[in-house]
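Okay, thanks for coming, everyone. I'd like to walk you through a structure that's new to most of us, so have a look at the screen.

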Amino acid sequence: MKTIVVTDIHGCLEELESVLAQAGFDSEADKLICLGDLMDRGPYSFGVFDRFRSLKRKMGERCIMILGNHDDMMMNSFYDPVVYARWMRNQGQTTLDSFEEHHCDLEKQLRNKTREKDEESKKRYRLEAEIEQKKKDSVMYQAKEAEEQK
């Protein structure tokens, strides 16, 4: 088993495939780590995204992807006009075009993912609040019991 590390792919699918081939990458046995920046600049951001998505499904924990600044910019661009402007200066339009060519509404996908994460956060917060309240109730009960026993 080899560990292959790639970074700064920036939408260059052909170059990614070439590097993986040169390294003798075997998705059945090797570990693949991407240190970020899958998106922007190159013409095939969707292809790079789709390739890593299928590798992640196939390889599971042997495929590790870390978000880079361009990936983060893309994900946050639809919620912050300043980030959106920065993303466009970094060839975000090329990424949008790549996704649109494959009939994939990137903005909708990202908004849905964020909404799912927000719901998970709300559930986790409510659960933590319930646990804290039960702890407080338990302490209050114990204090009351101790007071009554005096």
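So, how much accessible surface does the protein chain have, and what share of that belongs to carbon and sulfur atoms? The surface comes to about 10,200 Å², and carbon and sulfur atoms account for 52% of it. Keep in mind that this is a predicted model.

Now the overall layout. The protein chain has six helices and three strands. Reading from the N terminus, you get β-α-β-α-β-α-α-α-α. Of the 150 residues in the protein chain, 30% are buried. And if you take the contacts with a separation of 6 or more, 72% of them are between residues 24 or more positions apart.

Let's zoom in on helix 3, which covers residues 69-76. Which residues are buried there? They're H70, D71, M73 and M74. Looking down the axis of helix 3, you'd find the buried residues within an arc of 160°, so they line one face of the helix. If you'd like the general background, an α-helix has 3.6 residues a turn, so residues three or four places apart point the same way.

Back out to the surface. V5, L35 and I66 make a nonpolar patch there, about 260 Å² in area. Let me pick out L35. Where is it along the chain? L35 is in the loop that runs between strand 2 (31-34) and helix 2 (45-59). Its relative accessibility is 43%, so L35 counts as partly exposed, since that class sits between the 20% and 50% cut-offs.

Methods: Residues are numbered from 1 along each chain as its sequence is written. This is a predicted model: local features need pLDDT of at least 70, side-chain atom pairs count only at pLDDT 80 or more; totals for chains, interfaces and linings use all residues. Side-chain values use heavy atoms; hydrogens and water are left out. Buried means under 20% relative accessible area, exposed over 50%, partly exposed in between (1.4 Å probe, protein chains only). Helices (H or I, at least four residues) and strands (E, at least two) are DSSP runs, numbered from the N terminus. The arc is that of the directions from the helix axis to the C-beta atoms. Patches are made of residues with over 30% relative accessible area and no salt bridge: like charges are joined within 9 Å, nonpolar side chains (Val, Leu, Ile, Met, Phe, Trp, Tyr) within 5 Å. Accessible areas come from the Shrake-Rupley method with a 1.4 Å probe; for residues, only the protein chains shown count as cover. A salt bridge is a side-chain nitrogen of Lys or Arg within 4 Å of a carboxyl oxygen of Asp or Glu. Contact means heavy atoms within 4.5 Å.
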